[in-house]
Amino acid sequence: MSLLRPRRLSERQQQLARISLFSQLERGQLRIVDHLLHERHYTAGEVIFDAGEEGQGIYLVLQGSVGIFRPGVSPQPMLRLATVNAGSFFGELSLLGDTPRVAQARAESDCRLGVISRSDFMGLLDTHAHIASRISLQLARHLGGLLRRNAVAGSVQ
């Protein structure tokens with residue numbers, strides 16, 4: 001094995017590289033982010049978090065799918081807002097502040113999720129500002145896209 005050949009990314013690091021939030025990161029930067037990741041497993045139907053709970057981190061769907069629901073009005077107790085599949089993320093607003101969750105997240109299938117806590121992300125800002133700024137820029141682009149889509153959808157209705 002050559003000393004100059006770059007180390008291969010682990011399977012989980014390769015999964016991270018395919019998530020838009022981390023797509024601009026280099027190999028070494030992905031490894032740093034991977035060290036912040038806490039893996040969680042949920043079974044189909046299990047609630048990941050409820051509306052009103054304090055948001056403490058962002059969730060990355062590594063395997064499975066997650067439904068995002070908002071409490072509705074009777075007779076429809078929960079209104080589906082989105083389905084988040086492997087290769088995407090949810091709960092991103094918790095990286096920006098300690099506001100309550102606005103929706104419920106529930107495993108639609110058995111899931112393997114990665115979680116990055118707000119405190120770990122803030123630590124990344126202190127220790128690896130370049131990585132955190134790249135992630136923040138991708139997060140801003142993502143949120144901007146959501147706002148544009150919602151503005152267009154709102155003007156059509």
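## What counts as a pair

Two strands pair here if DSSP finds at least two bridges between them. With that in mind, a good place to start is strand E3, where Tyr59 stands opposite Phe90 in E6. E3 and E6 are joined by two bridges and run antiparallel. Please keep in mind that the model is a predicted one.

## The chain as a whole

The chain has 157 residues, and 39% of them count as buried. Its secondary structure comes to four helices and eight strands, and these follow one another along the sequence as α-α-β-β-β-β-β-β-β-β-α-α.

Taken along the principal axes, the C-alpha atoms fill a box of roughly 65 × 35 × 30 Å. What share of the contacts between residues at least 6 apart in sequence joins residues at least 24 apart? The share is 71%.

## The sheet around E3 and E8

One open sheet has four strands in the order E1-E8-E3-E6, with antiparallel pairing. Strand E1 (38-42) and E6 are at its edges, and each has a single partner strand, so one side of each has no neighbour in the sheet. Between them, strand E3 (residues 57-63) and strand E8 (residues 111-117) share six bridges in the antiparallel sense. You can follow this pairing residue by residue: Gly57 is opposite Ser117 in E8, while the bridge partner of Val61 in E8 is Leu113. Helix H3 packs on this sheet and touches E1, E3 and E8, with its direction at about 50° to that of E8.

How much of E3 is buried? Six of its seven residues are, so the rest of the structure largely encloses this strand.

## The sheet around E4 and E7

A second set of strands to look at is an open sheet of four, in the order E2-E7-E4-E5, again with antiparallel pairing. Strand E2 (47-49) and E5 are the edge strands, pairing on one side only. From one strand to the next, the twist averages 30°.

Strand E4 (residues 65-71) and strand E7 (residues 104-107) are antiparallel and joined by four bridges. Within this pairing, Ile68 has Ala105 of E7 as its bridge partner.

## The loop residue Pro77

Between E4 and E5 there is a loop, and Pro77 lies in it. Is Pro77 buried or exposed? Its relative accessibility is 60%, and because exposed means over 50%, Pro77 counts as exposed. Leaving aside residues up to four places away in sequence, Pro77 touches Arg70, Pro71 and Gly72.

## A cavity with a nonpolar lining

Rolling a probe the size of a water molecule over the atoms shows where empty space is left. How many cavities of 30 Å³ or more does a search of the whole structure find? It finds one.

The largest cavity has a volume of about 40 Å³. Its lining is made up of Leu21, Phe22, Val33, Leu36, Ile58, Leu95, Ile116, Phe121, Leu124 and Ile135. Helix H2 (27-36) and helix H3 (118-127) are the elements that give two or more residues to this lining. By class, the cavity lining has 10 nonpolar residues, with no polar and no charged ones.

## The largest pocket

The largest pocket has a volume of about 760 Å³. It is lined by 24 residues, and those nearest its centre are Ile68, Glu92, Leu93, Val102 and Leu146. Ile68 has already appeared in this report, as the bridge partner of Ala105 in E7.

Which elements each supply at least two residues of the pocket lining? They are strand E5 (78-85), strand E6 (89-90) and helix H4 (129-156). H4 provides the largest share, with six residues. By class, the lining of this pocket has 14 nonpolar, seven polar and three charged residues.

How values were computed. Residues numbered from 1 in each chain as written. Predicted model: local features only at pLDDT ≥ 70, side-chain atom pairs only at ≥ 80, totals over all residues. Heavy atoms only, no water. 1 Å grid on protein atoms, 1.4 Å probe; cavity = no way out; pocket = protein on both sides within 12 Å on 5 of 7 lines; lining within 4 Å. Points joined across faces, edges and corners; volume = space filled by probe spheres on them. Nonpolar A, V, L, I, M, F, W, Y, C, P; charged D, E, K, R; others polar. Axes fitted to C-alpha atoms, helices over the stretch in contact; angles between N-to-C directions. Contact = heavy atoms within 4.5 Å. Buried < 20%, exposed > 50% of the residue type's maximum accessible area, 1.4 Å probe, protein only.
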